[in-house]
Amino acid sequence: MGGLAAYLAKKSPLVAAAGTAVGAALGGWIGSAMDNRRCSLYKIAQANNLKLTSATITPEKLGQSAQPGQTSNGGQDKTAIGLDVQLQNKDDEFVPGTAEITPAGQQYLTQIAQQYSPGEMLKSAGPNVTPQAAQSVQARKVLIVAHAEQTNDPARAAELSDRRAKAVAELFARAGVPTANIYYQGAGDALPVASNADAAGRAANNRVEFVDVPSDADLGRYLQLRTVNANLFAEVEPPAASQRAPVSRRHRHIRRGQPASAAEATANPQASSPRAASAVTPATETADGWGYDFG
């Protein structure tokens with residue numbers, strides 16, 4: 001939308017002002033949608049006794065310039081454009097040692113996935129959804145990352161987390177999220193949020209993460225700017241040389257379906273429901289660097 005406003009500015013100051021107003025209105029709608037989704041996710045977590053945390057993603061966090069009318073102290077853009085949600089795995093979420101989601105896990109993960117479907121987001125916006133808002137919702141990207149605790153077998157942790165991320169990604173597709181917008185990663189033990197030195201920390205590190213942003217470019221910047229806190233790694237027995245190579249560390253894409261147009265999404269929010277994803281292809285390396293390697 002900022003690009004549209006810049007283009008209109010070359011045509012007419014009055015039209016440029018209108019473009020800026022449209023961008024601000026759309027930004028406000030997205031921020032409201034983020035608030036509604038966060039509230040719904042916490043209700044789901046409370047009802048299912050889940051440990052869930054969330055943080056907003058702003059243009060500032062992605063290293064982007066502020067848009068007109070959206071600045072705060074120092075000219076930084078604090079507008080929420082996405083959410084980073086961390087869900088700690090329950091003991092009964094996956095069958096131990098596998099990527100099979102249990103019936104209990106299927107139930108609450110489906111409830112969570114539905115919050116990311118265009119139909120649900122458009123419904124929460126009310127009856128007067130603008131074409132710009134419908135198009136924005138239809139294009140949103142969601143990255144699903146499965147994490148594991150640190151062990152002396154990082155290759156195994158990476159491989160299992162990759163399969164678990166894929167299983168959750170396929171569940172999101174069945175729940176109505178367009179397959180063209182779904183990506184997944186198996187991060188293994190590379191991105192801990194707590195020390196692996198005790199049971200509580202290991203439990204916190206076994207988690208599934210949901211990141212949603214407006215575009216592929218935003219996703220690429222998010223991945224590039226993500227950092228690792230090396231102080232959280234515990235001392236473990238060094239793995240054998242054959243185990244040290246990263247396994248399935250790049251984020252992958254669910255095979256593309258046929259997402260609905262913005263007009264179809266407005267008329268029928270469920271029109272974008274994709275076929276159940278059954279295959280994946282490696283992500284393509286781009287100038288944005290969104291084929292991120294954990295290393």
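**View 1. Strand β3 and the strands that pair with it.** In this predicted model, β3 and β5 run antiparallel and are joined by 7 bridges. Within this pairing, V142 has D212 as its bridge partner in β5. Strand β4, which spans residues 182-188, pairs with β3 in the parallel sense over 6 bridges, and in β4 it is G186 that stands opposite A146. Strand β3 is largely enclosed by the rest of the structure, because 7 of its 7 residues are buried. The cover reaches both faces of β3, with K141, L143, V145 and H147 buried on one side, and V142, I144 and A146 buried on the other.

**View 2. The whole protein, as a setting for the close-ups.** The predicted model contains 9 helices and 7 strands. Of the 295 residues of the protein, 48% count as buried, while the protein exposes about 13,800 Å², of which carbon and sulfur atoms supply 52%. Among the contacts in the protein with a separation of 6 or more, 78% are accounted for by residues that are 24 or more positions apart. The aromatic pairs and strand pairings shown in the other views can be placed against this background.

**View 3. H147 in strand β3.** Residue H147 has its place in strand β3, which covers residues 141-147. Is H147 buried or exposed? With a relative accessible area of 4%, H147 is buried, since the limit for that term is under 20%. The side chain of H147 is joined to that of E209 by a polar contact of 2.8 Å. When residues up to four places away in sequence are not counted, H147 touches N89, A187, G188, L191, N205, N206, R207 and E209, so that E209 appears both in this list of contacts and as the polar partner of H147.

**View 4. An aromatic cluster around Y116.** The structure holds 3 aromatic pairs. In one of them, the rings of Y116 and F172 have centres 5.5 Å apart and planes at 45°, and the pair is therefore tilted. This pair links distant parts of the chain, with Y116 in the loop between α3 (103-114) and α4 (118-124) and F172 in helix α6 (residues 154-174), 56 residues apart. Both partners are buried, Y116 with a relative accessible area of 7% and F172 with one of 0%. The rings of Y116 and F210 have their centres 6.2 Å apart and, because their planes stand at 45°, this pair too is tilted. Since Y116 lies in the loop between α3 and α4 and F210 in strand β5 (residues 207-213), the pair ties together parts that are 94 residues apart in sequence. Like Y116, F210 is buried, and Y116, F172 and F210 form one aromatic cluster.

**View 5. The nonpolar cores.** The largest nonpolar core has 40 residues, and those with the most contacts inside it are I112, Y116, I144, V168, F172 and F210. Which element gives this core its largest share? That share, 7 residues, comes from α6. Leaving aside neighbours within four places in sequence, F210 is in contact with residues that include L83, V85, L87, L109, I112, Y116, L143, I144, V168 and F172. A second, separate core has 14 residues, among them I57, Y183, V211 and V213.

**View 6. L160 in helix α6.** Residue L160 has its place in helix α6 and counts as buried because its relative accessibility is 14%, below the limit of 20%. Once the neighbours of L160 within four places in sequence are left aside, L160 is in contact with G97, T98 and A99. The C-alpha atom of L160 is separated by 8.8 Å from that of A146, a residue 14 residues apart from L160 along the chain.

**View 7. Helix α8 and the strands that cover it.** In helix α8, which spans residues 216-225, the residues D218, L219, G220, Y222 and L223 are buried. What covers these buried residues of α8? The cover includes β1 (52-57), β2 (82-88), β3, β4 and β5. Strands β3 and β5 thus return here from the opening view, where 7 bridges join them, and β4 returns as the strand that pairs with β3 in the parallel sense.

Notes: Residues are numbered from 1 along each chain as its sequence is written. This is a predicted model: local features need pLDDT of at least 70, side-chain atom pairs count only at pLDDT 80 or more; totals for chains, interfaces and linings use all residues. Side-chain values use heavy atoms; hydrogens and water are left out. Helices (H or I, at least four residues) and strands (E, at least two) are DSSP runs, numbered from the N terminus. Buried means under 20% relative accessible area, exposed over 50%, partly exposed in between (1.4 Å probe, protein chains only). Contact means heavy atoms within 4.5 Å. Accessible areas come from the Shrake-Rupley method with a 1.4 Å probe; for residues, only the protein chains shown count as cover. Rings of Phe, Tyr and Trp (its six-membered ring) pair if their centres lie within 6.5 Å; planes under 30 degrees apart count as stacked, over 60 as edge-to-face and the rest as tilted. A polar contact is a pair of N or O atoms within 3.5 Å; within protein, one must be able to donate a hydrogen and the other to accept it, and residues adjacent in sequence count only if both atoms are side-chain atoms. A nonpolar core is a set of buried Ala, Val, Leu, Ile, Met, Phe, Trp, Tyr and Cys residues joined through side-chain atoms within 4.5 Å. Two strands pair if DSSP finds at least two bridges between them.
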